[in-house]
Amino acid sequence: MDRPPLYAPRSLTRLALWLAAGNLVIAAAIATATWLALQAGRDSDLTRARETTENLAASLSIEIGAELKQVDNALETLGLQFRRTVGDPDQVRRSIERALADQRSLLPQVDAIRITDARGQVVYGLADEEGALNVGDRDYFQRARDGNGSEAVISEPLFGRIQHKWGIVVSRRLTRDDGSFAGVVYTTLSTEHFIESFKGLTIGAEGAISLRTRSHRLIARYSATEPHSIRGIGDVIVSEDLMRKIAIDPQQGWYMTRTKLDNIERITCYRQVRGYPLTIYTGASTAEFLAAWRGEVVQQGALAGVVILTVLGCSALVFLQQRRDRRAAIGLQQLALEQALMLDNDMVGMMRLRDRTVVWKNRALASLFGYAPGELNGQTTRALYLDDESFRAIGDAAYPAIAAGRRFRQQLRMRRKDGTPVWIDLSGASVAERESLWMMIDISALKESEATAQHLAVHDALTGLPNRVRFTERLAGAMTLLGERVGLVAVCWVDLDGFKDLNDEFGHESGDVVLRVVAQRLLGGVRGHDLVARMGGDEFALLLTALRAEHEAEPALRRMLDALAEPIRLPDGGYASVTASIGIAFAPHHGRQAESLMRLAETAMTTAKRAGKRRFVSASSLPGNTMNAPNSPSTSVGPDAPTPVDAIDTPSGPAPEPGSEDGKKGEAQRAAPGSPRPHDPGPPAVPDHSFDESVAGEEDPGATLDGEDSSRVPPSRKPG
């Protein structure tokens with residue numbers, strides 16, 4: 001009996017060792033590539049979440065800063081009136097109480113405005129039923145007393161002694177003519193006010209928004225998971241991650257950790273309110289932003305496992321081939337079949353080209369572009385590109401790289417068989433002298449999500465209108481181009497009359513319906529190149545461009561006032577109506593700076609409200625403003641002006657106080673049971689050419705800075 005050859009076992013052992021080592025290397029490479037791809041996807045999702053929360057925090061810090069500035073200006077005005085008021089005590093009291101009432105009417109967000117003497121005893125601003133009140137022991141009183149009075153003092157969160165609710169106090173030092181301390185003037189902003197302003201923002205099912213003082217005490221917090229909770233108000237309950245970030249940069253930053261109040265992991269961005277010792281925090285749940293990524297983990301992990309198992313199977317087949325010659329052919333066929341299954345998958349489109357002509361493609365590619373099996377074979381790839389230019393550009397960029405032995409990759413829009421565009425991640429590599437292998441992945445969903453995130457950053461979630469950020473950008477763009485063409489740019493500030501009472505009587509769902517209808521009616525009253533934006537709450541702004549004279553804006557504003565006053569059908573079947581006060585400023589007559597024009601228009605709007613509401617007032621009527629154009633319009637259009645508006649305005653006489661029974665009946669009316677309800681006209685038929693035909697064809701200079709018609713974005717379909 002012959003001895004079996006010794007080399008055979010050794011060769012099989014060596015082959016087994018090489019195959020095992022190769023499989024380990026391949027498995028490690030696949031696992032590493034999968035992990036890197038998943039990590040890149042996770043980083044991308046987290047970056048998107050961070051950018052979204054940063055934009056929200058920046059917007060809120062601006063809004064809260066503007067609100068506090070408005071309150072501070074009112075307190076400073078009261079301080080000046082207090083110092084200048086002289087006479088007998090009764091006359092002084094009547095004068096100061098009247099000044100307090102005037103400022104209180106301009107600040108609907110505050111609960112009360114009061115004035116104390118030097119001992120802290122409240123002497124003005126208390127109702128008879130509220131009794132005596134001394135705030136001399138309060139920290140804000142002592143800080144205002146000991147300060148120099150140059151800036152407002154904002155308190156830590158306090159629980160009110162009269163109103164019995166949480167809030168903060170904004171106060172200013174009062175001085176006599178000799179400079180001595182005379183007391184403080186102060187007002188309160190309740191926690192409920194901030195929570196209500198946070199509720200209208202889109203933060204996700206587990207997002208949270210909070211406002212804290214510089215000492216990190218919680219003023220207000222709104223979370224979608226606990227919408228009515230006041231847990232933690234007045235306390236310092238923060239994470240160590242926040243403290244570390246604040247120590248590095250107290251102005252702004254972001255961190256990711258579990259919130260101590262509800263144990264939900266969030267990406268939180270903070271931004272300090274400029275000029276005030278307050279910081280806004282916006283948090284987005286990582287569970288929501290990473291939900292899609294976790295699905296990709298499962299899919300790519302499964303795919304990597306399949307690939308690794310396939311490589312192991314191929315190695316086993318090679319090893320068995322050496323041991324059993326009879327199964328060599330079967331093993332090769334099985335391996336070829338498995339390779340064909342990998343290539344002809346349903347996820348990644350593949351094709352092999354010779355001189356840009358298809359010689360082979362898999363099923364996924366035909367499905368991706370909508371072609372039948374075999375339809376692309378022998379055809380050039382020109383049919384997959386949008387146009388000749390993109391076809392030529394890819395050829396000029398890709399084939400020199402492929403010829404040099406490098407891989408080519410690019411994201412571009414290509415074309416399906418039916419002509420619709422599709423975003424493709426395209427990559428190619430050389431497989432022969434004249435042949436190349438290309439892989440294509442549909443990334444349309446990713447591109448759409450990126451576009452959606454960009455849209456939400458500059459648009460109002462409730463109405464779909466551009467927000468303050470986009471309006472400021474467009475206005476600034478119009479200012480830069482103002483000197484290149486003849487014409488005026490008008491900034492109109494629109495504030496709804498009676499909206500707060502309507503909101504209180506019918507609820508926030510009805511208030512949201514009213515805001516969306518108002519947005520559509522404003523859009524119906526402007527031209528295609530004008531802009532309508534929601535600035536927050538019940539305030540809107542219009543950007544009217546290509547005006548040759550100021551009076552050309554008057555007809556459209558009158559029609560808007562009429563349209564806004566039309567009844568609005570509410571979700572419960574009732575009807576309500578609101579009016580509006582409008583302030584308008586023109587560039588360059590009233591300046592060339594965007595921010596100053598917006599402030600001037602808002603001031604003119606306030607003047608319109610004081611004059612009786614449901615009217616518009618030009619900034620030319622404000623003290624210190626003169627018109628540069630001879631054809632300046634009437635400074636105020638309303639009930640007292642001889643215009644068509646007079647026919648729809650309220651009767652002459654004192655306007656009803658906000659919140660009174662007469663005011664509620666005049667500003668928001670519900671159909672009584674059993675009585676016929678008025679027909680709901682919906683948005684009134686205001687023609688797009690609401691302005692003089694002489695300017696209807698001109699373009700908006702500000703719109704050239706923006707690729708989209710941002711004022712024509714439809715509002716959200718979700719009710720309320």
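**Questions on burial, helices, cores and cavities**

Trainee: Is aspartate 460 buried or exposed?
Mentor: This is a predicted model, and the relative accessibility of aspartate 460 computed from it is 16%. The cut-off for burial is under 20%. Aspartate 460 therefore counts as buried.

Trainee: Which side chain forms a polar contact with that of aspartate 460?
Mentor: Aspartate 460 is placed in the loop between α11 (444-457) and α12. Leaving out residues up to four places away in sequence, aspartate 460 touches Leu465, Pro466, Asn467 and Arg534. The side-chain polar contact of aspartate 460, at 3.2 Å, is with arginine 534.

Trainee: Which residue caps the N-terminal end of α12?
Mentor: Look for a side-chain oxygen beside the backbone nitrogen of valine 469. Such an oxygen lies 3.1 Å from that nitrogen. The residue that supplies this cap is asparagine 467.

Trainee: What distance separates the end C-alpha atoms of helix α12?
Mentor: Helix α12 covers residues 468-480, which is 13 residues. The expected span is 1.5 Å times one less than the number of residues, so 18 Å should result for α12. The distance in the model agrees with that, at 18 Å.

Trainee: Which residues of α12 are buried, and which elements cover them?
Mentor: The buried residues are Arg470, Phe471, Arg474, Leu475, Gly477, Ala478 and Met479. In an α-helix, residues three or four places apart point the same way because there are 3.6 residues a turn. The cover over the buried residues of α12 includes β17 (488-497), β18 (531-536), β19 (539-547), β22 and α16.

Trainee: How far in space is methionine 479 from alanine 587, C-alpha to C-alpha?
Mentor: Methionine 479 belongs to helix α12 and counts as buried because its relative accessibility is 10%. Beyond neighbours within four places in sequence, methionine 479 is in contact with Val489, Ala587, Arg592, Ala594 and Leu597. Methionine 479 and alanine 587 are 108 residues apart in sequence, while their C-alpha separation is 7.8 Å.

Trainee: Is the peptide bond from alanine 587 to proline 588 cis or trans, and what is its omega?
Mentor: Proline 588 is placed in the loop between β22 (579-587) and α16 (594-610). The bond leading into proline 588 from alanine 587 is cis. Its omega is near 10°.

Trainee: Histidine 164 and lysine 613 are not glycines, yet each has a positive phi; which of the two is buried?
Mentor: Histidine 164, with phi of about 55°, is found in the loop between β4 (158-159) and β5 (166-175). Histidine 164 counts as exposed because its relative accessibility is 53%. Lysine 613, with phi of about 70°, is in the loop between α16 and β23 (615-618). At 17% relative accessibility, the one that counts as buried is lysine 613.

Trainee: How many residues of helix α14 are buried?
Mentor: Helix α14 runs over residues 508-524 and reaches 24 Å from its first C-alpha to its last, close to the expected 24 Å. The helix has 17 residues and is mostly covered. Its buried residues number 14.

Trainee: Which helix gives the largest share of the largest nonpolar core?
Mentor: In soluble globular proteins, nonpolar side chains tend to be buried together. The largest nonpolar core here has 40 residues, and Leu68 and Phe198 have the most contacts inside it. The largest share of this core, 10 residues, comes from helix α1 (residues 7-84).

Trainee: How many residues does the second, separate core have?
Mentor: This second core is separate from the largest one, and Leu488, Cys492, Leu502 and Val514 are among its members. Its residue count is 38.

Trainee: Which elements give two or more residues to the lining of the largest cavity?
Mentor: The count is 5 cavities of 30 Å³ or more, and the largest holds about 270 Å³ of space. Of the 22 residues lining that cavity, Arg114, Gly160, Arg161, Val169 and Thr188 are closest to its centre. The elements asked for are β4, β5 and β6 (181-190).

Trainee: What share of the chain is buried?
Mentor: The chain has 17 helices and 24 strands. Among contacts between residues at least 6 apart in sequence, 61% join residues at least 24 apart. Of the 720 residues in the chain, the buried share is 44%.

Notes: Residues numbered from 1 in each chain as written. Predicted model: local features only at pLDDT ≥ 70, side-chain atom pairs only at ≥ 80, totals over all residues. Heavy atoms only, no water. Helix = DSSP H or I, 4+ residues; strand = E, 2+ residues; numbered from the N terminus. Buried < 20%, exposed > 50% of the residue type's maximum accessible area, 1.4 Å probe, protein only. Contact = heavy atoms within 4.5 Å. Polar contact = N/O pair within 3.5 Å; in protein donor to acceptor, adjacent residues only side chain to side chain. Core = buried A, V, L, I, M, F, W, Y, C linked by side-chain atoms within 4.5 Å. 1 Å grid on protein atoms, 1.4 Å probe; cavity = no way out; pocket = protein on both sides within 12 Å on 5 of 7 lines; lining within 4 Å. Points joined across faces, edges and corners; volume = space filled by probe spheres on them.
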